[in-house]
Amino acid sequence: MTNQISHIPKDFLWGSASAAYQVEGAWDADGKSPSVWDNYVKLPGTTFKGTTGDIAVDHYHRYKEDVALMAEMGLKAYRFSIAWTRILPEGRGPVNEEGIQFYSDLIDELLKHHIEPLITLYHWDLPQCLMDEYGGWESRQIIDDFNEYASVLFDRFGDRVKYWISLNEQNIFVSLGYQLGVHPPGVQDDKRMYQVNHIANLANAKVINTFHEMIPDGKIGPSFAYSPIYAKDSHPINVLAAERAEDMQSHFWMDIYLKGRYPKFALDNLAKQGITIDIQEGDMALIASAKPDFLGINYYQSNTMAYNPIDGVGRGEMNTTGKKGSSGESGVPGLYKRIENPFVERTNWDWEIDPMGLQIAIQRISSRYDVPVLITENGLGEYDQLTEDGHIHDDYRIDYLSQHVTAINNAIQDGASVLGYCTWSFTDLLSWLNGYQKRYGFVYVDKHEVEEGTLERKPKDSFYWYQELIKQHQYC
């Protein structure tokens, strides 16, 4: 194990992560107003078996128990998101002090156990009232409202919290919400998606600048869901397809965050589709002025691309059931299509298991942007079962995480700066569209699809593996 972590610095943040909607529950408690997710999951057919986060795993009432388990593990950092609707129930204006108190108590509990809190400002749970009032992310009004919300958090928690994540997986929430229509608000419109994304870029930039004014000794950055692109083979037509996919699916976001501009090919390609982004005077200056201190990376899989003819495949089906092999190829006709990589295994949800892809991702980011990386999510969602001896033997998760830790160590050895590693997730939780059967946690939670279960917490074998890894790193 020592060789596996030999190049990881002593101040490395060994962490784990969660999101408010997926763990807290208490969806209408203590002054909290509904988020778009609170309402969306109640629409028939939107989630697996109709699961909701109304109770989730009840972290809101059990946070002390959860933090005690983190302390037992020896966790150095815990990344969690704050529910905007607990802080500003009207989206702006009066502050809900009960919501502030909950997160303040959570922060203090973490610090008492020497666990660094990492706060995510936005993990998809937009206040429903702002969606109703002006369409949420479709209006520039959200830029100021998001900044007001963030400023409250910086003011109340900035004395105790050093690390902040601005937007979680902007590329995912805009594409699934406005292009594929499987997240709120359930829209399928490429033009609206790209305009929403531009507004989110402006909101992200403004908040980063506000943060640096209010907490000059802190660190902030967005968290990006990065799946590095491979070409199917060395045929130039497939290499070109892979290059185009990397521009459209990755550089389109990361170049904005770290270079302050959109990739030229991506803009040209959108124009050919009749899509122009409403870039107003001052927009690009604002974006270019915002300098993240790190880039958060949520890494789960790589993607392999091949040329896609003009009459080729379009958007494919997502596997949200856990039935292996139920997803198909998908792509953009005339440009590229995602295909199965024969050199890696896949999960039951058809996510490719590619630890070396994380090393490739870190290396690409380090070379292109010269910025520190924080692994804000990485984990394996699988069917975990209690055995007759009352344990959860998740050797497959240990193997998965262990190989990804090795990839981080190797990337650092090659010169990358990596601040920490937050696994997804600490406890089992609600997987947005996949329900409770898809488990990610170090800690098993007795919670099932039809809202049954005692919510009892039980550490899995992976809990003790991570505990030993952190201990070994302390003394190596």
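In β5, glycine 221 is the bridge partner of isoleucine 165. That single pairing is a good place to start a tour of this predicted model. The residue pair belongs to a wider contact, since β4 and β5 run parallel and are joined by four bridges. On the β3 side, β4 also runs parallel, and again four bridges make the join. There, isoleucine 119 stands opposite tryptophan 164 of β4. What about the surroundings of β4? Six of the six residues of β4 are buried, so the strand is largely enclosed by the rest of the structure.

## The barrel

Now let us step back to the barrel. Eight strands close into it, in the order β1-β2-β3-β4-β5-β7-β13-β14, and their pairing is parallel. From one strand to the next, the twist averages 30°. As a general point, strands of a sheet pair through backbone hydrogen bonds, either parallel or antiparallel.

You can follow one of the earlier joins in the model by looking at β2, residues 77-81, and β3, residues 116-122, which pair in the parallel sense over five bridges. Tyrosine 78 is found opposite proline 117 of β3.

Helices lie across these strands. Helix α5, residues 97-112, lies across β2 and β3 and runs at about 170° to β2. Elsewhere on the barrel, helix α13 (residues 355-369) lies across β7 (295-298), β13 (373-377) and β14 (418-424), at about 140° to β13.

## The open sheet

There is a second sheet to find, and this one is open. Its four strands come in the order β6-β8-β10-β9, with mixed pairing. Which strands form the edges? They are β6 (229-231) and β9 (330-332), each pairing on one side only. On average, neighbouring strands of this sheet are turned by 35° against each other, direction ignored.

Inside this order, β8 (residues 303-306) and β10 (residues 336-339) pair in the antiparallel sense over three bridges. Look for methionine 305, which stands opposite arginine 338 in β10. Helix α10 lies across β6, β8 and β10, and runs at about 170° to β6.

The residue pairs met so far, from both sheets, are gathered here.

| Residue | Opposite residue or bridge partner |
|---|---|
| Tyrosine 78 | Proline 117 in β3 |
| Isoleucine 119 | Tryptophan 164 in β4 |
| Isoleucine 165 | Glycine 221 in β5 |
| Methionine 305 | Arginine 338 in β10 |

## Two helices worth a look

Helix α8, residues 170-178, is mostly covered, with eight of its nine residues buried. Among the buried ones are Phe173, Val174, Leu176 and Tyr178. What do they pack against? The buried residues of α8 pack against β3, α6 (128-134), β4 (163-168), α9 (190-214), β5 (219-225) and α10 (236-259). The strands β3, β4 and β5 in that list are also part of the barrel order.

Helix α3 has a different story to tell. A straight helix of 15 residues would span 21 Å at 1.5 Å a residue, yet α3 spans only 18 Å between its end C-alpha atoms. Where does α3 bend? The bend is at glutamate 65 and comes to about 35°. Buried residues of α3 include His59, Tyr60, Tyr63, Asp66 and Val67. Further along, Leu69, Met70 and Met73 of α3 are buried too. After α3 comes glycine 74, whose phi is positive, near 90°.

## Lysines in a loop, and the cysteines

Just ahead of α3, the loop between α2 (36-40) and α3 (59-73) holds lysine 49. Is lysine 49 buried or exposed? Its relative accessibility is 60%, and exposed means over 50%, so lysine 49 counts as exposed. From C-alpha to C-alpha, lysine 49 and leucine 106 are 31 Å apart in space, and 57 residues separate them in sequence.

Lysine 42 is found in the loop between α2 and α3 as well. With a relative accessible area of 42%, lysine 42 is partly exposed. Lysine 42 and glutamate 148 are 106 residues apart in sequence, and their C-alpha atoms are 29 Å apart in space.

Finally, a word on cysteines. A disulfide is a covalent bond between the sulfur atoms of two cysteines. How many disulfides does the structure hold? The count is zero. Cysteine 422 is buried, with a relative accessible area of 0%, while cysteine 129 counts as partly exposed at 27% relative accessibility.

How values were computed:
Residues numbered from 1 in each chain as written. Predicted model: local features only at pLDDT ≥ 70, side-chain atom pairs only at ≥ 80, totals over all residues. Heavy atoms only, no water. Pairing = 2+ DSSP bridges. Axes fitted to C-alpha atoms, helices over the stretch in contact; angles between N-to-C directions. Contact = heavy atoms within 4.5 Å. Buried < 20%, exposed > 50% of the residue type's maximum accessible area, 1.4 Å probe, protein only. Expected span 1.5 Å × (residues − 1). Bend = angle between axes of the 7 residues up to and from the residue. Disulfide = S-S within 2.5 Å.
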